[in-house]
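Q: I'd like to take a close look at one part of this protein and then see what else stands out in the backbone and the interior. Could you walk me through it in plain words?

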Amino acid sequence: MNPFRKNVAIAIDGGGIRGIIVTQALAVLEAALGKPVHEIFRLAVGTSTGSIISAGITAGMTAAHMNQLYIEMGKSIFPNSLRKTFFPLTRYRYEAEPFQNALNSYFGKLTMGDFWKTSPQTDLVVTTFDLKENRTLFIKPWKQEYADWPVTKAVQCSCTVPTYFPVVEGRYIDGGVGSYGNPCYLAAYEAKECLKWDPAETTLISIGTGRDPYNFNPEATPRLWAWDWLGRILGAFLQSAYDQQVNLVETYFTDIDFRRFQINLRESIEMDDTSQVERLVGYGSRLGGMILDDRVDKAQGVIAKKPKTEMVGGQVDGYG
């Protein structure tokens with residue numbers, strides 16, 4: 001692995017229980033570097049499950065500890081219940097209290113502003129979508145309007161996926177509803193424009209929670225029903241949006257040492273599927289190895305590839 005630069009930031013995608021992939025990968029990084037993640041990253045940006053991990057890093061938790069908490073608390077947050085069984089006859093699958101209690105055990109009475117009082121200062125950005133204002137909010141410790149927000153509230157808002165959990169205070173839902181399911185561009189902007197970090201002295205690590213398998217069968221296309229298309233189109237839309245954020249960082253922050261890591265899943269794993277914990281840990285170990293080997297995601301470097309040109313019948317034919 002190439003050494004990190006003076007300033008190191010991390011951006012973590014959403015993905016529910018698939019956050020285990022990230023915590024396990026970061027535990028591998030911790031073991032290799034011989035130091036906890038909160039001593040590595042001075043800026044952490046996260047959406048949904050990424051906000052839990054980012055806040056945990058900022059609060060001084062080790063990745064190994066967060067990984068264990070994910071494994072232990074997953075089933076209490078996503079329990080099998082009558083509410084889940086009869087969904088969508090119910091408005092949401094899971095009650096908010098178990099999740100809130102788990103967050104309280106993580107962060108206690110910490111407020112966002114507390115992070116800005118530490119030495120050295122550590123910045124945290126949590127995304128959530130505000131239904132009342134119809135826009136994404138960026139909750140930060142140095143913003144006066146969010147300084148008194150409990151960390152538990154900020155993270156719960158960011159993780160409140162519609163239909164999975166009840167809306168927080170009637171207005172806040174999952175940060176991935178907007179454009180920041182992958183918040184790497186937001187992290188690059190925060191580092192350069194807000195913290196005034198020199199891009200030439202900055203490393204940004206972006207970590208995904210697994211790319212769903214490509215399961216499109218061209219021969220089956222004529223027989224697809226509307227509900228068959230729904231999942232495929234939504235998945236393609238989300239993945240394209242995630243990759244677009246990678247392209248934006250490479251386009252507008254060319255001097256940053258940017259590394260995007262993502263792992264291809266062999267099967268689709270839902271964000272609340274706690275039966276797949278062992279498999280997720282395995283994926284996380286592999287992703288950790290990819291980080292140590294600097295094997296970046298296929299979405300990185302796409303825009304940097306210039307098309308070759310060839311004259312075909314008097315016309316210029318471009319191919320990549």
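Where does Thr163 lie?

A: Keep in mind that this is a predicted model. Thr163 sits in the loop that runs between helix H6 (151-159) and strand E5 (172-174). Look at its backbone: phi of Thr163 is near 80°, which is a positive value in a residue that isn't glycine. As for its surroundings, Thr163 has 34% relative accessibility, so it counts as partly exposed. The cut-offs behind that label are simple: buried means under 20%, exposed means over 50%, and partly exposed is in between.

Stay in that loop for a moment, because Glu169 is also found between H6 and E5. Glu169 has a positive phi too, near 55°, and again the residue is something other than glycine. Its relative accessibility is 53%, and since exposed means over 50%, Glu169 counts as exposed.

Now for some other loops, this time with an eye on the peptide bonds. Phe87 and Pro88 are joined by a cis peptide bond, with omega at about 15°. You'll find Pro88 in the loop between helix H4 (82-85) and helix H5 (97-107). A cis peptide bond also joins Ser119 and Pro120, and there omega is about 0°. Pro120 belongs to the loop between H5 and strand E3 (123-130). If you trace the chain on screen, H5 is a handy landmark, as it borders the loop of Pro88 and also the loop of Pro120.

H5 comes up again when you peek inside. How do you find a space you can't see from outside? Rolling a probe the size of a water molecule over the atoms shows where empty space is left. Here the count comes to one cavity of 30 Å³ or more. The largest cavity has a volume of about 220 Å³, and 19 residues line it. Lying nearest its centre are Thr49, Ile52, Tyr70, Ile77 and Phe99. Helix H2 (49-58), helix H3 (63-77) and H5 are the elements that each give two or more residues to this lining. H3 provides the largest share, with five residues.

What is the lining of the largest cavity like by class? It has 15 nonpolar residues, four polar ones and no charged ones. To see this for yourself, colour H2, H3 and H5 on screen, since those helices each give two or more residues to the lining, and then pick out Tyr70 and Phe99, which are among the residues nearest the cavity's centre.

Technical notes: Residues are numbered from 1 along each chain as its sequence is written. This is a predicted model: local features need pLDDT of at least 70, side-chain atom pairs count only at pLDDT 80 or more; totals for chains, interfaces and linings use all residues. Side-chain values use heavy atoms; hydrogens and water are left out. Helices (H or I, at least four residues) and strands (E, at least two) are DSSP runs, numbered from the N terminus. Buried means under 20% relative accessible area, exposed over 50%, partly exposed in between (1.4 Å probe, protein chains only). On a 1 Å grid over the protein atoms alone, a cavity is a set of points where a 1.4 Å probe fits but cannot get out, and a pocket is an open set with protein on both sides within 12 Å along at least five of seven lines; lining residues have an atom within 4 Å of a point. Grid points are joined across faces, edges and corners, and a volume is the space filled by probe spheres set on the points. Ala, Val, Leu, Ile, Met, Phe, Trp, Tyr, Cys and Pro count as nonpolar, Asp, Glu, Lys and Arg as charged, and the others, Gly among them, as polar.
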